[in-house]
Amino acid sequence: MRSSSFASLAVPATLLLGVAAIQAPQHRLTYRVEVLRATGAGRQSLAAGEVSGSVETGLRLSLRSDSTEVEALFAVFSETDTATLTAEFFSRRRVGRSRRGLPLWEQDGYTRIVQVAWGDTARVYPLGPPRRGAQDSIWVDLTVLRRPAGGEVRPAETLSLGTGPFEVALEAVVRPRRGVVVLTLVRGGAVSAPRRYDLIPDGAAKRVQLPVPGRLPRVLDVALSRPETPRSARDRTLALEADAVCLRVAEPDSLAPTGTVCGRLNNVARRLPLSGGDTLIATFAWPGAR
Amino acid sequence: MDEHTEWLRQIDAESDGELTLVEQAALARHLAGCTHCSGARASHLELRVALAQSAGAPQARLAPRPVIRARTVARWAVFALLAGVVAGWGLHAGWGGPGGGALEDVRAVIVVR
């Protein structure tokens with residue numbers, strides 16, 4: 001009795017929360033970054049930039065020199081007034097040379113988590129905390145901001161580079177909620193008109209019909225999925241496959257896929273041979289700007 | 001073996017104090033009449049004097065035997081240890097290794113201001 005009355009209240013409450021979430025104002029997340037170096041001669045800005053996008057946007061930051069490489073993937077988990085900033089680090093340091101004269105590298109991966117208020121600046125020492133009395137140190141000032149999106153949540157990157165011993169790169173990391181797939185079928189010398197489909201990764205399969213001039217159309221079931229987790233620790237840590245998707249192609253009502261083609265959302269055409277001598281050309285792209 | 005060779009051996013034994021009185025007398029009689037062996041004895045004794053002087057004991061009655069001193073051994077041991085450390089350091093720098101210092105000293109840290 002008690003549980004049924006609770007259930008009767010829980011359903012509308014869940015619906016209300018869902019509606020509130022849908023109607024909640026969208027925010028734009030911004031990572032403001034400045035890479036600084038202090039020496040005995042003073043302070044020098046090595047690079048400054050900004051990465052912004054929807055609240056799921058991550059920041060991939062890399063600093064490289066001849067003997068050290070530090071790469072990190074920053075992500076923010078929003079709370080009401082604060083945010084949890086997580087950073088997955090992957091670093092490589094050259095520790096010497098092998099007996100054959102080749103460089104030997106030491107690599108390391110670890111996670112750092114801190115609580116920040118919106119607008120706070122977190123100081124990241126990528127090479128470790130500065131030693132007491134050391135005049136030379138390098139750090140990254142990272143400010144996390146959240147502002148109303150105003151409908152614009154496309155990722156954006158800006159970076160201005162100074163001079164210094166480190167090569168600095170910033171990159172927005174966004175896992176696509178949807179992906180545009182442009183399909184073309186090649187049969188002999190005939191090519192079908194390109195068909196554009198808006199698919200959701202890990203969503204249901206869609207039946208598509210690709211008409212070839214003068215021939216019977218080819219019917220296929222296509223579904224978008226996320227690629228498998230990378231085997232390399234670096235690729236996994238830095239989410240290098242974040243903007244990659246896989247297209248699974250199957251004959252209608254077939255359980256096993258005929259073929260799978262994977263790629264990044266970068267407008268590059270990829271070919272997949274099908275049974276019967278046909279070739280499917282798939283191009284992955286980001287959905288249009290909103 | 002000629003006659004002189006045997007007398008030269010006797011001269012050597014005499015310098016080490018290993019001859020009996022009878023043998024010393026026989027040797028003295030031979031040396032009185034043999035210029036070759038008396039010259040060889042003089043050379044032999046001069047060589048022993050030179051060895052004694054180089055060993056720091058010119059007044060010694062017998063030629064000192066070479067002695068390994070504790071100080072010399074310690075000096076060589078320290079030298080070998082230092083050479084090993086320097087060579088090890090060079091090899092470590094050249095060929096790498098597991099890395100020195102604490103791991104956390106080279107890992108990134110985040111400080112919120």
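**Contacts between chains A and B, and helix packing in chain B**

In this predicted model, 26 residues of chain A are in contact with 15 residues of chain B. On the side of chain A that touches chain B, strands β5 (82-97), β6 (103-117) and β7 (121-125) of chain A each supply at least two residues. The largest share, seven residues, comes from β6(A). By chemical character, the residues on this side of chain A comprise 14 nonpolar, four polar and eight charged.

The two chains are also linked through strand pairing. β7(A) pairs with strand β1 (residues 109-112) of chain B in the antiparallel sense, over four bridges. Within this region, A:Tyr125 stands opposite B:Val109 of β1(B).

Two packed helices are described by the angle between their axes and the distance between the axes. In chain B, the axes of helix α1 (residues 3-15) and helix α3 (residues 35-54) come within 10 Å and cross at roughly 35°. The crossing of α1(B) past α3(B) is right-handed. From α1(B), the residues B:His4, B:Trp7, B:Leu8, B:Ile11, B:Asp12 and B:Ser15 take part in the contact, meeting B:His36, B:Cys37, B:Ala40, B:Arg41, B:His44, B:Leu45 and B:Arg48 of α3(B). The residues of this contact divide into six nonpolar, four polar and three charged.

Helix α2 (residues 21-33) of chain B was examined for length and burial. At 1.5 Å a residue, its 13 residues should span 18 Å, and the end C-alpha atoms of α2(B) lie 19 Å apart, which agrees. A residue is counted as buried if 20 or more other C-beta atoms lie within 10 Å of its own. Of the 13 residues of α2(B), one is buried, so the helix lies largely in the open.

Terms used
Residues are numbered from 1 along each chain as its sequence is written. Chains are lettered from A and ligands numbered from 1 in the order in which they are written. This is a predicted model: local features need pLDDT of at least 70, side-chain atom pairs count only at pLDDT 80 or more; totals for chains, interfaces and linings use all residues. The expected span of a helix is 1.5 Å times one less than its number of residues. A residue is buried if 20 or more other C-beta atoms lie within 10 Å of its own, exposed if 12 or fewer, and partly exposed in between; C-beta atoms are placed from the backbone. Two residues are in contact if their C-beta atoms, placed from the backbone, lie within 7 Å. Ala, Val, Leu, Ile, Met, Phe, Trp, Tyr, Cys and Pro count as nonpolar, Asp, Glu, Lys and Arg as charged, and the others, Gly among them, as polar. Two strands pair if DSSP finds at least two bridges between them. Axes are lines fitted to C-alpha atoms, for helices over the stretch in contact, and angles run from 0 to 180 degrees between N-to-C directions. A crossing is left-handed if the near helix is turned anticlockwise from the far one by less than a right angle, and right-handed if clockwise.
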